[in-house]
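Take a moment to look over the chain before reading on. Then follow the strands, one helix and a few charged pairs in turn.

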Amino acid sequence: MKNDSQVRVTVVGKTDRVGSAAANAALSQKRADRVRDALIAQAVPANRIDTSWTGEGKQDVATADNIAEQRNRVVDIAVQRTY
């Protein structure tokens, strides 16, 4: 990823449904930003990293409000080659 200008990285932060929707949006953004910052620290160019966050909106495991689900507390990373 560091040396291939044809590679882009997409980082998406997610949360479970514990807490308010606003707090979860902020938390998922923070998660995505931390992963982005770690990639940059490893010399991946910042201009090839896209970040977004879904808060509690797109869970891998559906739950009701205020149900802790560790599998939803994730950051998805996709590495793609552009042509």
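What follows is a walk through parts of this structure, which is a predicted model.

Start with strand S1, residues 7-14. Is this strand enclosed or open? Of its 8 residues, 6 are buried, so S1 is largely enclosed by the rest of the structure.

Now look at the strands paired with S1. Strand S3 covers residues 75-81 and pairs with S1 in the antiparallel sense. The pairing runs over 7 bridges. Which residue of S3 is the bridge partner of Val12? It is Asp76. Keep Asp76 in mind, for it returns below in a salt bridge with Lys14.

Strand S2, residues 49-55, also joins S1. Here the two strands run parallel, with 6 bridges between them. Two positions help you find this pairing. Thr10 has Asp50 in S2 as its bridge partner. Val11 stands opposite Thr51, again in S2. How does the chain get from S1 to S2? The path goes through helix H1, residues 21-41. This β-α-β crossover is right-handed.

Next, move into helix H1 and find Asn24. Is Asn24 buried or exposed? Its relative accessibility is 3%, and the cut-off for buried is under 20%, so Asn24 counts as buried. Which residues surround this side chain? Leaving out residues up to four places away in sequence, Asn24 touches Thr15, Asp16, Arg17, Val18, Gly19, Gly55 and Glu56. One of these contacts deserves a second look. The side chains of Asn24 and Glu56 are joined by a polar contact of 2.6 Å.

Now turn to the charged pairs. How many salt bridges does the structure hold? The count is 9. Three of them can be visited here, beginning with Arg81 and Asp4. The closest N and O atoms of Arg81 and Asp4 are 2.6 Å apart. This pair links distant parts of the chain: Arg81 belongs to strand S3, while Asp4 sits in the segment before S1, 77 residues apart. Arg81 is partly exposed, with a relative accessible area of 42%. Asp4 is partly exposed too, at 21% relative accessibility.

The second pair is Lys14 and Asp76. Their closest N and O atoms are 2.7 Å apart. Why does this pair tie together separate parts of the chain? Lys14 lies in strand S1 and Asp76 in strand S3, so the salt bridge connects parts that are 62 residues apart in sequence. The two residues are covered to unequal degrees. Lys14 counts as buried, at 9% relative accessibility. Asp76 counts as partly exposed, at 31%. The story does not stop with two residues. Asp60 is linked with Lys14 and Asp76 in a network of salt bridges.

The third pair is Arg36 and Asp37. Their side chains meet in a salt bridge, at 2.9 Å from N to O. Arg36 is partly exposed, with a relative accessible area of 25%. Asp37 is partly exposed as well, with 41%.

Finally, go back to S1 and put the pieces together. S1 pairs with S3 in the antiparallel sense and runs parallel to S2. Lys14 in S1 also reaches Asp76 in S3 through a salt bridge.

Technical notes. Residues numbered from 1 in each chain as written. Predicted model: local features only at pLDDT ≥ 70, side-chain atom pairs only at ≥ 80, totals over all residues. Heavy atoms only, no water. Buried < 20%, exposed > 50% of the residue type's maximum accessible area, 1.4 Å probe, protein only. Helix = DSSP H or I, 4+ residues; strand = E, 2+ residues; numbered from the N terminus. Pairing = 2+ DSSP bridges. Right-handed = clockwise from strand over helix to strand, strands pointing away. Polar contact = N/O pair within 3.5 Å; in protein donor to acceptor, adjacent residues only side chain to side chain. Contact = heavy atoms within 4.5 Å. Salt bridge = Lys/Arg side-chain N within 4 Å of Asp/Glu carboxyl O.
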